[in-house]
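Here are my comments on the model you sent, set out as numbered points. Please read them with the structure open beside you.

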Amino acid sequence: MRSSLLLISLLSTWPTMVAQHQRATHPQDAAPARTAHDSVRFAFLLKMAGDRIGTDPDTAFILCWQAFALAPNTGHEGAMGEVEDWLGYLEEHRGNIQQALDHYSTSLAEAERLQDSAGLSTVLNNVAAIYKDQGRIDEALAAHERSLAIRRAKQDTVGIATSMNNMGLILYDQGILPEEMDHFAEALRSYEAAGNADGTATALHNIAGFYRDQGDLGEALNHFTRALNVQEKVADDHGIRGIP
C-alpha cells in the first residue's frame with residue numbers, strides 16, 4: 001500500500017495578520033482599525049479551522065465560511081483566494097467534488113491575478129489530486145508539472161519533494177515504473193536535504209513498495225526499516241503502526 005503526504009499546504013496567515021493589525025490600528029482612524037480587526041478575526045478563524053480540520057471537519061467548515069464572510073474586509077488581497085482554497089479542500093473531503101473544483105478555480109484565479117506563486121503551486125497540487133482520482137491523468141500530471149516548475153523557481157525544497165512524490169504515485173498507478181522510481185528518489189533526496197522527517201519516511205515507504213512490487217524483498221525490507229527508524233526518531237506512533 002502506497003502512502004502519500006497530505007496534498008494540501010494550508011497556509012497560516014496568523015503572524016502576518018497580527019503584524020498588519022499592529023501597523024494599521026490607529027486611535028484617531030476608525031476605518032483602519034476596523035480593517036485590522038477583521039483581518040485578525042479572519043486569521044484566527046482559519047487558525048481554529050486548521051486546529052479542527054482533522055478531528056472535527058464540520059466545525060472547520062463552519063469556521064471557514066465565517067472567514068469567507070470577512071475576507072473582503074480584511075485589507076489583505078490574498079484573503080479570498082486563501083479561504084477559497086480551504087473551502088475547496090473541505091468540500092473535497094466531504095465528497096462534493098464539483099464544489100471543491102469551483103472553490104479551487106476561484107482560488108487559482110486569485111493567485112494568478114496577484115502573482116502569488118506559493119498559493120498557485122498549492123492550489124495546482126490540490127486540483128491535481130482530484131484529477132488523479134477522476135482518472136484525468138494527463139491533466140493531473142500537467143497540473144503537477146506546473147506546480148513543480150513554480151517550486152523549482154522558488155527553490156522550495158519541500159514543495160519540490162511533495163510534487164515529485166505525488167507524481168510518482170500517479171506514475172505507479174499507470175505502471176510507468178522507471179519514471180516512478182526516479183520521482184520517489186528525488187523526493188527522498190529533497191526531503192532529506194530539508195530535514196523533513198515525515199516526508200523522508202513517506203518517500204522511503206514508497207520506494208520500499210516499488211522494490212516489493214519488483215520482487216526485491218531485501219531492498220524492500222531495507223527501505224521499510226529505514227522508514228521505521230525515521231518515524232521512531234520523531235516518536236510518530238501513528239506512522240509506526242502504519243508501516244506493514
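**Notes on the helices and cores**

1. Helix α10 (residues 197-213) has 17 residues and, at 1.5 Å a residue, should span 24 Å, a value with which the 24 Å between its end C-alpha atoms agrees. The expected span is 1.5 Å times one less than the number of residues, and helices here are DSSP runs of H or I with at least four residues, numbered from the N terminus.

2. The model is predicted, so local features need pLDDT of at least 70 and side-chain atom pairs count only at pLDDT 80 or more, while totals for chains, interfaces and linings use all residues. Residues are numbered from 1 along each chain as its sequence is written, and side-chain values use heavy atoms, with hydrogens and water left out.

3. Of the 17 residues of α10, 13 are buried, where buried means under 20% relative accessible area (1.4 Å probe, protein chains only). At the N-terminal end of α10, Asn196 acts as a cap, with a side-chain oxygen 3.4 Å from the backbone nitrogen of Asp198; just after the helix, Gly215 takes a positive phi of about 85°.

4. His144 is placed in helix α7 (residues 137-153) and is buried, with a relative accessible area of 2%. Leaving aside residues up to four places away in sequence, His144 touches Asn125, Ala128, Asn166, Met167 and Ile170, contact meaning heavy atoms within 4.5 Å.

5. The largest nonpolar core (buried Ala, Val, Leu, Ile, Met, Phe, Trp, Tyr and Cys residues joined through side-chain atoms within 4.5 Å) has 35 residues, and those with the most contacts inside it are Phe42, Leu46, Cys64 and Tyr104. Helix α6 gives the most to this core, with seven residues. Another core, of 22 residues, lies apart from it and includes Met167 and Phe224.

Definitions and conventions: Helices (H or I, at least four residues) and strands (E, at least two) are DSSP runs, numbered from the N terminus. Buried means under 20% relative accessible area, exposed over 50%, partly exposed in between (1.4 Å probe, protein chains only). A polar contact is a pair of N or O atoms within 3.5 Å; within protein, one must be able to donate a hydrogen and the other to accept it, and residues adjacent in sequence count only if both atoms are side-chain atoms.
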